[in-house]
Amino acid sequence: MPRLNFAKAAPKAFKAVIGLDAAARDGLDPALVELIQIRASLLNGCAYCLHMHTSDARKAGEDEARLHMVGVWREARNFFTEKEQAALDLTEAVTLVHQGGVPDDVYARAAAHFDETELGHVLALIFTINTWNRIALSTAKVAGEDER
């Protein structure tokens, strides 16, 4: 049974999420943006968003080996900068906030690599991709059918 088309059913809410997404990305490295979105999508089991953001990363020139390592970044630290690792760690903590919140050490590590404005944007991006994941999962979006 087809599910709700969120963009059509709640256009103001949909546009608000698009606006938050655009604002969150402002000033961030596009490669970092995709890494954050890929990691959250993996954690949330969102195939639709995972396909979209790995495709976007490839189009932007991201290294294929790095894409394969996002899910196991702790064991493959050599593929990622310290700044990227801090962002991935923060992404996990915020995405899995129900498992104990955002630990002080994780937050401090991110704060050491990003200025206050950048950190605000990283957090907003994490909030946004988690929202997109929930929209895609609850409305049964199909991986490979990029509707943008």
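A residue counts as buried under 20% relative accessible area, as exposed over 50%, and as partly exposed in between. Keep those cut-offs in mind for this tour of a predicted model.

**Stop 1: Val102**

Select Val102. It sits in the loop between helix 6 (82-95) and helix 7 (104-113). Its relative accessible area is 32%, and partly exposed lies between 20% and 50%, so Val102 is partly exposed. Now add Val97 and Tyr107 to the selection. With Val102 they make a nonpolar surface patch of about 240 Å².

**Stop 2: helix 6**

Move to helix 6, residues 82-95. Start with its length. At 1.5 Å a residue, its 14 residues should span 20 Å. The end C-alpha atoms are 20 Å apart, so the model agrees with the expected span.

How many residues of helix 6 are buried? The count is 12 of 14, so the helix is mostly covered. Among them are Glu84, Gln85, Leu88 and Leu90. Colour the neighbours next. The buried residues of helix 6 pack against helix 3, helix 5 (64-69), helix 7 and helix 8.

**Stop 3: Leu119**

Select Leu119, which is found in helix 8. Is Leu119 buried or exposed? Its relative accessibility is 5%, and the cut-off for buried is under 20%, so Leu119 counts as buried.

Show its contacts. Leaving out residues up to four places away in sequence, Leu119 touches Leu90, Tyr107, Ala110, Ala111 and Phe114. Two of these names have come up before: Tyr107 belongs to the surface patch, and Leu90 is a buried residue of helix 6.

Then pick the C-alpha atoms of Leu119 and Ala24. These residues are 95 places apart along the chain, yet the two atoms are separated by 10.0 Å. Ala24 leads to the next stop.

**Stop 4: helix 2**

Select residues 11-25, which form helix 2. Check the length here too. Its 15 residues should span 21 Å at 1.5 Å a residue, and the end C-alpha atoms are 21 Å apart, which agrees.

Now highlight Val17, Asp21 and Ala24, which are buried. Look down the axis of helix 2. The buried residues fall within an arc of 70°, so they line one face of the helix. What covers them includes helix 3 (30-44) and helix 8 (116-138).

Turn to the face pointing away from the buried side. Which exposed residues does that face carry? They are Lys12 and Lys15.

**Last stop: Gly27**

Follow the chain past helix 2 to Gly27. Its phi is positive, near 85°.

Key: Residues numbered from 1 in each chain as written. Predicted model: local features only at pLDDT ≥ 70, side-chain atom pairs only at ≥ 80, totals over all residues. Heavy atoms only, no water. Helix = DSSP H or I, 4+ residues; strand = E, 2+ residues; numbered from the N terminus. Expected span 1.5 Å × (residues − 1). Buried < 20%, exposed > 50% of the residue type's maximum accessible area, 1.4 Å probe, protein only. Arc of directions from axis to C-beta. Contact = heavy atoms within 4.5 Å. Patch = residues over 30% accessible without salt bridge, like charges linked within 9 Å, V, L, I, M, F, W, Y side chains within 5 Å. Areas by Shrake-Rupley, 256 points an atom, 1.4 Å probe, with all protein chains shown as cover. Salt bridge = Lys/Arg side-chain N within 4 Å of Asp/Glu carboxyl O.
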